[in-house]
Amino acid sequence: MFQLPKTCYIGLALSALATPAGASEMFASDSPWMLGDWGGTRSELLEKGYDFTLGYTGEMGSNLHGGYDHDRTARYSDQFTFGSHLDLEKILGWHDTEFQLTVTERHGDNISNDRINDPRVGGFTSAQEVWGRGETWRLTQMWIKQKYFDGALDVKFGRFGEGEDFNSFPCDFQNLAFCGSQVGNWVGGIWYNWPVSQWALRVRYNLTPELYAQVGVFEQNPSNLESGNGFKLSGSGTQGAVMPFELVWTPRIQGLKGEYRAGYYYSNAKAQDVLKDSNGQPAALSGAAYRSSSSKHGLWIGAQQQVTSLASDQSRGLSVFANATVHDKKTNAIDNYVQAGLVFKGPFDARAKDDIGFALARVHVNPAYRKNARLVNQAAGLYDYDNPGFLPVQDTEYSAELYYGIHLADWLTVRPNLQYIRHPGGVSQVDGALIGGLKIQSSF
């Protein structure tokens, strides 16, 4: 029988002990840390420029109906985050300089892998976004950032992922289609989101108080994805670089916060064509190797906007969002993706810090990639989907999620959610899947 890890039971039990006591005490509901202020030591360290964090995210997914395998079961995956942020101006006197060091550890299983998706091709989205990139420890952040010209110029160098600064998006939803940088979800072979890091440089310039432009150069090194290379610092295996550019506008419309992003990425590493060989013929029929392209590129846009608020508390109200990405049809399985949704914070006066979220997403497969799958089956003389050797043809996957975030304490939020995935993995023969989920976010 499936059981939640002891960590989850402990966290939930501790939340029941949270009281309106002072924020410095352990388990106090108004403390940002479950273990309190360590007798005032944490606040003292913050004043001196030292900020230490220990975070936990756990996600459970259960297939309630449908999917590739109708056997009802549940899977659990989680992540521990150990971080330190240093204000080097306070510590060493270095003007406007910060340092970040973060180590993560992931483990567990994902319900999408063996119950929702056809294992012959896998899936696109994931019902448990915290799963992925191996059950291992990783150096996720190690960077230094400095500002110049009264903060107008911001330069960041070290090891981090593209989604930390480019195409960024919150991660309160549990389905991967609504969590984090979406470019990294659809070109994950070159764009590495959290928890993977690589050597990188990001330069940002504030054009106005509400508008900034930024450009980056990120090492494209597939060996960084390997579980045994979580702390690899050498550049061996580097194939090229990913160079993103982005404009970000952060207006206040009638006093309500908004964020609008538009960007472009370019990779100068060789990329494999999804259909043709070097002679321009379908490689699945010719038997020749798939040809190489000298580059890979794509675009993204994103918008988040609060549209209502309460006069008594402007942080409460309705916000809407939408994101879209477009990718290189010659070399990428996914050619476009769109999603949209809404979040309402503080839905009830008695639950002013709770939130409700709902979102829809569509992931579309490149027609050339789809044609290649058909030709692979044709070359093998396979036309029956139920044949184990048949390569399922992928088209369009649709996802939806509804969650309710229960703010049990400032250090603990639990989000029960219900997800529906139509054509998991873009395979029309797979039944639509109804998934029950639970996301736990805690800070110790």
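The second largest pocket of this predicted model has a volume of about 540 Å³. Its lining comprises 22 residues, and those closest to the pocket centre are Lys257, Gln304, Gln306, Ser319 and Lys345. Four strands give two or more residues each to this lining: β10, β13 (296-306), β14 (317-327) and β15 (334-345). By character, the lining residues of the second largest pocket divide into 8 nonpolar, 9 polar and 5 charged.

**An aromatic pair that involves strand β10**

Strand β10 also takes part in an aromatic contact. The pair links Trp249 in strand β8 (residues 240-249) with Tyr260 in strand β10 (residues 256-267), and the two residues are 11 apart in sequence. Their ring centres lie 5.4 Å from each other, with 35° between the planes, and the pair is classed as tilted. Trp249 has a relative accessibility of 38% and is therefore partly exposed. Tyr260 is likewise described as partly exposed, at 25%.

**Aromatic contacts around the loop between β5 and α5**

The model contains 16 aromatic pairs in total. One of them joins Phe173 and Tyr403, whose ring centres are 4.8 Å apart. Why is this pair edge-to-face? The planes of the two rings stand at 80°, and an angle over 60 degrees counts as edge-to-face.

Phe173 lies in the loop between β5 and α5, whereas Tyr403 belongs to strand β17 (residues 396-409), so the contact ties together parts that are 230 residues apart in sequence. Phe173 is buried, at 3% relative accessibility, and Tyr403 is buried as well, with a relative accessible area of 2%.

The pair is part of a wider group: Phe169, Phe173, Phe178, Phe321 and Tyr403 form one aromatic cluster. Within that cluster, Phe178 lies in the loop between β5 and α5. Is Phe178 buried or exposed? Its relative accessible area is 0%, so Phe178 counts as buried. The C-alpha atom of Phe178 is separated by 9.0 Å from that of Ala400, although the two residues are 222 residues apart along the chain.

**Salt bridges**

The number of salt bridges in the model is 23. Three of them are set out below, each with the separation of its N and O atoms.

| Salt bridge | N to O distance |
|---|---|
| Asp154 and Arg202 | 2.9 Å |
| Arg415 and Asp355 | 3.2 Å |
| Arg415 and Asp172 | 3.7 Å |

The side chains of Asp154 and Arg202 meet in a salt bridge. Asp154 lies in strand β5 (residues 153-160) and Arg202 in strand β6 (residues 198-208), so this contact ties together parts that are 48 residues apart in sequence. Asp154 is buried, at 5% relative accessibility. Arg202 is also buried, with a relative accessible area of 1%.

Arg415 appears twice in the table. One of its contacts is the salt bridge with Asp172. This pair links distant parts of the chain, since Arg415 is in strand β18 (residues 412-422) and Asp172 is in the loop between β5 and α5 (183-186), 243 residues apart. Arg415 counts as buried, at 7% relative accessibility, whereas Asp172 counts as partly exposed, at 27%.

Arg415 also forms a salt bridge with Asp355. Which strands does this contact connect? Arg415 lies in strand β18 and Asp355 in strand β16 (residues 355-365), so the pair ties together parts that are 60 residues apart in sequence. Asp355 is buried, with a relative accessibility of 5%.

**A salt-bridge network and the position of Lys156**

The contact between Asp154 and Arg202 does not stand by itself. Both residues belong to a network of salt bridges that links Asp154, Lys156, Glu164, Asp165, Arg202 and Arg204.

Lys156, a member of this network, is also placed against aromatic rings. Its charged end sits over the ring of Trp143, at 4.5 Å from the ring centre. Lys156 lies over the face of Phe160 too, where the distance to the ring centre is 4.4 Å. Lys156 thus combines a place in the salt-bridge network with positions over the rings of Trp143 and Phe160.

Note on methods
Residues numbered from 1 in each chain as written. Predicted model: local features only at pLDDT ≥ 70, side-chain atom pairs only at ≥ 80, totals over all residues. Heavy atoms only, no water. Salt bridge = Lys/Arg side-chain N within 4 Å of Asp/Glu carboxyl O. Buried < 20%, exposed > 50% of the residue type's maximum accessible area, 1.4 Å probe, protein only. Phe/Tyr/Trp six-rings, centres within 6.5 Å; stacked < 30°, edge-to-face > 60°. Lys NZ or Arg CZ within 6 Å of the ring centre and 35° of its normal. 1 Å grid on protein atoms, 1.4 Å probe; cavity = no way out; pocket = protein on both sides within 12 Å on 5 of 7 lines; lining within 4 Å. Points joined across faces, edges and corners; volume = space filled by probe spheres on them. Nonpolar A, V, L, I, M, F, W, Y, C, P; charged D, E, K, R; others polar.
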